[in-house]
Structures are given as structure tokens and as C-alpha cells.
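Q: I have a model open on my screen and would like to learn how to read its helices. Could we go through it together?

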Amino acid sequence: MNRKLMIGRFVNGQSLLHRLDARAKLCSMLLFMAVVFMVNSYLTAALAFIFLIVIMRMTGIPLISYARAVKPLLFLLIFIALFHIFFQAEGTRLLKAGTFSIYSGGLEKGIVSAGRMTMFILYAAVLSFTTQPDAIAKALNSLLRPLQKLGVPVQRFSLMLSVSLRFIPALFEEAERIWKAQVSRGFSLSNRPLKQKAKMIIALLVPVTAGAFRRASALADAMEARSYRLDAPRTSYRTMTWAITDVSYICLFLIPLAAIWFLR
């Protein structure tokens, strides 16, 4: 389980993306979201996918790791595609199966929508694989700092994000430990009806949730014992500095943005 669940994990490496400023990667993520939102056809989706594959290859991380990040959400992607295929009647009718008809417009919309969601997941994996959780929270705090003048609790939000990112691997490890303990006692999902599988998985989620609450309570007690204050002035061991590579990386995303805008 620990090897299959890749979302939220940092993969140590020496690639260009690993060395970039976390703020540059967050800004590039906003630009890539704009690119994905503009995708509306097979051609624009293929262009965005090619660009994303180039970015993934730049990380130096095997593509199988990105496939593992998408795998837990595969059911959601299939559902999105089938929903558009069977319930959107646009274009010419390609096939009629009982009460359902498949149209060319619905097929294109389903594939493109599932592809857009896949690209969101993959670039989120690029960000988490190449950036440590503390760096993400620190970069977000730096980018949102001007909003403090409007009364937005930026530090509170950054702390919540940092703790959440830290808890993701811990919860996976807790689930793996409980799973192995259950298997050693004869727990198995093979050759069981779907209803029983759902009940057994719920039984697994209960101790995982209880463990998460225990970890959160222990963390709160530790922070309180150390007199942690959210609004206290702090210094940073590692300072974030912009370089020409960070600006170049952000500008790189303007290429697919302009190309897809032109193709639309």
C-alpha cells in the first residue's frame, strides 16, 4: 500500500524542478490550470498532454510513479468520461445501445473532461514529488502575505496546509500497518461480494480515523507545551530567492497557453 499511494509524497532528486523556488512552481501551477481549463478538443488536449509529459520528464522521476498517483482516482475518471458519453447528446449519433445513444460530441466531451482531470492530478503529483511540504506552505504564505492587510488569516491557512501535507504520508503508513495487522489475523478481500468488501473497508477506516485524531491531539499538545503562537515573529533557516531559472520556468507555461488560445 505504501508503494501504491504516491499522492502527497516528496521524491528526492537533483533535477531542475527540484531546485526551483517553490513560489515559481505554485505560479506555474496557476498557469497550467488556465491551460487545462481552456482545453476543449482532442487537439488542445493532446497539446497540453505533450507539454505535461515534457515537464514530467524534466523531473527525472519515472513515469510509472505518476501512473501510481493517478490509479487511486481511476474510478472517478472513468465515471466522468461515461457520464458525458451516455448523457450528452451532441453531434452525430455513433451507436445506440438500448435506451442509451452515444454521440460524437458526448464522446469527445467525455474523453476531454477525463483528460483534463488527469492533467490536474498529474501536475499536482509533479508539485508534490519535487517540492517538500514545508516549502509549499512557506511559498504559499509568501505569495498570500499581501492579503493579511485585508484581514485574511494567511498564517493560519499556511499552518493548516503544512500540517495536512505532513499527515498524508503518516495516514498512509498507519493504514498500511493496520492492513498488515488485519491480514495476519485472516482479513482478506478476495472472493467476497462487493457489499462485504465495502463493510470490511469501513471497518479498516475506523481505526485509521481514530489514529489520525490521536496524532492531531498529540501534535496540538506538543505545540501548546512549546508555547507556539501563530502570530509570533519568526526567522527562516532557508531564505527563498528568485533566479532567472524560476522566471524562465514560469514563462515556459505561456507557450501552451498561447498555442491553445490560438487553436480555440
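Q: Which residues of helix 11 are buried?

A: This is a predicted model, and in it the buried residues of helix 11, which spans residues 254-263, are Pro256, Leu257 and Ile260.

Q: How should I read the spacing of buried positions along a helix?

A: Start from the general idea: an α-helix has 3.6 residues a turn, so residues three or four places apart point the same way. Now look down the axis of helix 11: its buried residues fall within an arc of 105°, so they line one face of the helix.

Q: And which exposed residues sit on the face of helix 11 turned away from its buried side?

A: Ile255, Trp261 and Phe262 are the exposed residues carried there.

Q: What covers the buried residues of helix 11?

A: The cover includes helix 2, helix 3 (42-58) and helix 10 (244-252).

Q: Helix 2 came up just now. How do I describe the way it packs against another helix?

A: Two packed helices are described by the angle between their axes and the distance between the axes. Take helix 2 (residues 22-38) and helix 7 (residues 133-144): they pack at an angle of about 75°, and their axes are 8 Å apart. An angle from 65 to 115 degrees counts as roughly perpendicular, which means that helix 2 is roughly perpendicular to helix 7.

Q: Which residues make that contact?

A: Helix 2 contributes Ala22, Arg23, Leu26 and Cys27, while helix 7 brings Ala135, Ile136, Ala139, Leu140, Ser142 and Leu143. By character, the residues of this contact divide into eight nonpolar, one polar and one charged.

Q: Cys27 catches my eye. How accessible is Cys27, and how many disulfides are there?

A: Cys27 has 24% relative accessibility and therefore counts as partly exposed. With a disulfide taken as a pair of cysteine sulfur atoms within 2.5 Å, the count comes to zero. Another cysteine to look at is Cys251, in helix 10; at 40% relative accessibility, Cys251 also counts as partly exposed.

Q: How far apart are Cys251 and Ser28, in sequence and in space?

A: They are separated by 223 residues in sequence, yet their C-alpha atoms are 8.4 Å apart in space. For the protein overall, take the contacts with a separation of 6 or more: residues 24 or more positions apart account for 74% of them.

Q: To finish, what does the whole protein look like in numbers?

A: Its secondary structure comes to 11 helices and two strands, and buried residues make up 36% of its 264 residues.

Technical notes
Residues are numbered from 1 along each chain as its sequence is written. This is a predicted model: local features need pLDDT of at least 70, side-chain atom pairs count only at pLDDT 80 or more; totals for chains, interfaces and linings use all residues. Side-chain values use heavy atoms; hydrogens and water are left out. Axes are lines fitted to C-alpha atoms, for helices over the stretch in contact, and angles run from 0 to 180 degrees between N-to-C directions. Helices (H or I, at least four residues) and strands (E, at least two) are DSSP runs, numbered from the N terminus. Angles under 35 degrees count as roughly parallel, over 145 as roughly antiparallel, 65 to 115 as roughly perpendicular and the rest as oblique. Contact means heavy atoms within 4.5 Å. Ala, Val, Leu, Ile, Met, Phe, Trp, Tyr, Cys and Pro count as nonpolar, Asp, Glu, Lys and Arg as charged, and the others, Gly among them, as polar. Buried means under 20% relative accessible area, exposed over 50%, partly exposed in between (1.4 Å probe, protein chains only). The arc is that of the directions from the helix axis to the C-beta atoms.
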